[in-house]
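Please look over the sequence and the structure shown here before reading on. The report then takes up a few places in turn.

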Amino acid sequence: MQSETYLCKSRPSIILPVSSTPGRSVVLEGEEIFLKKGDVIKIPQGSKHRIGNVADQNLIFIEVQMGTYFGEDDIIRLEDDYFRNQDK
């Protein structure tokens, strides 16, 4: 399975509509949730989350951020498969 970094953001909340075939897995606060096309999941502010692809096809998703601040400096990387937090 390929996945994004397991992270949390203090702001904003995130809404993820599923726009591709089945194969999307979201880990939200330690619980793995499998989604299919047409499903929508809301990730509240500050929630630990990770998006993964459990299928063989490319995963395409749309991230909609809700709030008043959309910077990247509030990301806390808890597990980073791409080693972006090694120097912190």
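What follows is a short report on strands, a hairpin and some single residues in this model, which is predicted.

## The three-stranded sheet

One open sheet in this predicted model is built from 3 strands, whose order is β6-β3-β8 and whose pairing is antiparallel. At its edges are β6, which covers residues 40-43, and β8, and each of these two strands pairs on one side only. From one strand to the next, the twist averages 20 degrees. As general background, the strands of a sheet pair through backbone hydrogen bonds, and this pairing is either parallel or antiparallel.

The pairing can be followed in more detail between β3, made of residues 13-17, and β6, since these antiparallel strands are joined by 4 bridges. Within this pair, P17 is found opposite V40, a residue of β6.

## The edge strand β8 and a nonpolar patch

Strand β8 consists of residues 64-66, and V64 has its place there. The relative accessible area of V64 is 32%, and because the class between buried and exposed runs from 20% to 50%, V64 counts as partly exposed. Together with I62 and M66, V64 makes a nonpolar patch on the surface, with an area of about 240 Å².

## The hairpin of β4 and β5

Strand β4 (residues 24-28) and strand β5 (residues 31-35) run antiparallel and are joined by 5 bridges. In this pairing R24 of the one strand stands opposite L35, which belongs to β5. The hairpin formed by β4 and β5 has 2 residues between its strands, and in this hairpin E29 takes a positive phi near 55 degrees.

## Two charged residues: K9 and D73

Is K9 buried or exposed, given its relative accessible area of 5%? K9, which has its place in strand β2 (residues 6-9), is buried, because its relative accessible area of 5% falls under the 20% limit. The side chain of K9 also reaches the backbone oxygen of G71, at 3.2 Å.

D73, by contrast, lies in a loop, namely the one between β8 and β9, where β9 covers residues 75-79. With a relative accessibility of 61%, D73 counts as exposed, because this value is over the 50% limit. Although D73 and R11 are 62 residues apart along the chain, their C-alpha atoms are separated by 10.0 Å.

Methods:
Residues are numbered from 1 along each chain as its sequence is written. This is a predicted model: local features need pLDDT of at least 70, side-chain atom pairs count only at pLDDT 80 or more; totals for chains, interfaces and linings use all residues. Side-chain values use heavy atoms; hydrogens and water are left out. Patches are made of residues with over 30% relative accessible area and no salt bridge: like charges are joined within 9 Å, nonpolar side chains (Val, Leu, Ile, Met, Phe, Trp, Tyr) within 5 Å. Accessible areas come from the Shrake-Rupley method with a 1.4 Å probe; for residues, only the protein chains shown count as cover. A salt bridge is a side-chain nitrogen of Lys or Arg within 4 Å of a carboxyl oxygen of Asp or Glu. Buried means under 20% relative accessible area, exposed over 50%, partly exposed in between (1.4 Å probe, protein chains only). Two strands pair if DSSP finds at least two bridges between them. Axes are lines fitted to C-alpha atoms, for helices over the stretch in contact, and angles run from 0 to 180 degrees between N-to-C directions. A polar contact is a pair of N or O atoms within 3.5 Å; within protein, one must be able to donate a hydrogen and the other to accept it, and residues adjacent in sequence count only if both atoms are side-chain atoms.
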